[in-house]
Amino acid sequence: MGGVEVVEAFRAALDRLAPKDPLVLAVSGGGDSVAMAHLVHALRRQAVIAHLDHGLRPDAHLDAAFVEALGRRLGFPVFLEQARLAPGGNLEAKAREARYAFLYRVAKRVKARAILTAHTLDDQAETVLFQLVKGTGRALGIREKQGLVVRPLLGLERQALRTFLEALGEAWREDPTNQDPSLDRNYLRLAVLPLLEARFPGAKAAMGRFARVQQEEDAFLEAEAARRLLPDPRFFVPAYRVHPLLEAPCVLRRRALRRVLEALDLRPETRLLELLEGALKGKAVTLPGGVLARRKGGVVFLIPKDPRLPLPPGFRRPRPGDRLASGKRLFEALAEMGLPKELRRLWPVRAEGEGVVEVYGQTETPMRLALEEARLALGEGEVPVGAVLLYGDRVYRAHNRVEALKDPTAHAEMLLLREVGGVLSQGKTRTVLKGAILYVTLEPCLMCYGALRQAGVRIVYGTENLKEGALTRYGVGEGMAGGLLEAECAKLLTGFFRSHKEGCRSG
């Protein structure tokens, strides 16, 4: 590849990845980053150079001097800094973290639109190989763009950049540690990749294409996995609905659980994923850092070693012997709410005199009305699903009437939308029910969910619909929350289907 081709390939990548100035150029003094600085200069883009001395080599100050001189010749301001890395641990990881923190500081100072790093096609191939042989299971390679950081040289081979610099009569610095074959990445770069390229010409380019395809597929799968993570917002610790995860394909469930671990600042190692899989099925497990993963009903909780639940004004912690106004023991009521035992002693309650008059976050009234509707459906021989729609200052109620109306679409949710639509049609026509909330005892099916989403209605359901639930079965559930009065909603449905099955057998 000639110099003109290198410039044009770089121009196309930079126009696509970082079309606006100013830019921060991460220049180490090595051939790749020096070539990148010359290419940016050739395109007359506005940029500054940033160079971090990691303090790991005695002659590192010579690299800094070289980069500073390069910046003066090209007319780019240069930002230099020396890192002070703590001894011990993974020095490579610490150096990388320090480098990117420095680059982002420089970018903030100059209000940069992008940070350019000089990773090449060779780096991409090396990274893909490294990830495969290390067994990551996700050989995604290096991404072209991550936040402010862009890598416009990923499509260019290192040798093409060296040839470009030689044609300019330009020099660069060589890091002697890059020639040490005892380091895994150096071994792949120095020994393995040349053999592969000799035997299979174009192998590096093929691995680059492989990485791009993997990244595109990974982005799609990540989005699908994220759909399966339905946080339960009623609790003060991370908590997720169980069944949308258990019913998901394994590949999506594992990805979703990896996101859970990463949110806890834990590496998504296979053993930790297996522990979380066990927690979903009811086995209490302890994760690194003392986080307890425990399932209670349809929720898996991630409870810190020392959970600190906030205490709102006017509330206190439960005390032994506390009872509700109804006479029920408080700790029984907290258990029925779905709280694991580790949270019951900390849960905020409000008391007047000897009795507890309020349990924090217990907003059951609309779902109680929905349960009343579900019981009416049961009495009529319908699948016992009830729903309540709160819109404006009005409360609309309905239950399933599929059998009575001989209409497969006569679900409680659809009947409510039709009723509200009929009321609204008498006045100003509206297609979106802004601020409306629907409480339904069973997770909506795909038909009902689609209609409710089109109408802009928020959804709170009682228990999961394992057979036809929009989220649990089909993985779509944006805007839903689940688990309110879950046990009572599930018991009603379980009893109906058990009696129905027994009736079929006796018949």
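## A tour from pocket to surface

Begin by selecting helix α18, which supplies 5 residues to the lining of the second largest pocket, the largest share of that lining. Keep in mind throughout that the model on the screen is a predicted one.

With α18 (486-506) highlighted, add α15 (402-405) and α17 (446-454), since each of these three helices supplies at least two residues of the lining of the second largest pocket. The pocket itself has a volume of about 780 Å³. To find its centre, select Val383, Leu442, Asn465, Lys467 and Phe497, which are the closest to that centre among the 28 residues that line the second largest pocket. If you then colour the lining by class, you will see 15 nonpolar, 6 polar and 7 charged residues.

Next, leave the pocket and go to helix α5, which covers residues 121-134 and includes Val133. Is Val133 buried or exposed? Val133 counts as exposed because its relative accessible area is 60%, above the 50% cut-off. Now select Leu132 and Phe210 together with Val133, and you will have a nonpolar patch on the surface whose accessible area comes to about 290 Å².

For the last stop, select Pro22, which you will find in the loop between α1 (3-17) and β1 (23-26). Pro22 has a relative accessibility of 15% and therefore counts as buried, the limit for that being under 20%. Finally, add Glu144 to the selection and draw a line from C-alpha to C-alpha: Pro22 and Glu144 lie 18 Å apart in space, while in sequence they are 122 residues apart.

Terms used. Residues numbered from 1 in each chain as written. Predicted model: local features only at pLDDT ≥ 70, side-chain atom pairs only at ≥ 80, totals over all residues. Heavy atoms only, no water. Patch = residues over 30% accessible without salt bridge, like charges linked within 9 Å, V, L, I, M, F, W, Y side chains within 5 Å. Areas by Shrake-Rupley, 256 points an atom, 1.4 Å probe, with all protein chains shown as cover. Salt bridge = Lys/Arg side-chain N within 4 Å of Asp/Glu carboxyl O. Helix = DSSP H or I, 4+ residues; strand = E, 2+ residues; numbered from the N terminus. Buried < 20%, exposed > 50% of the residue type's maximum accessible area, 1.4 Å probe, protein only. 1 Å grid on protein atoms, 1.4 Å probe; cavity = no way out; pocket = protein on both sides within 12 Å on 5 of 7 lines; lining within 4 Å. Points joined across faces, edges and corners; volume = space filled by probe spheres on them. Nonpolar A, V, L, I, M, F, W, Y, C, P; charged D, E, K, R; others polar.
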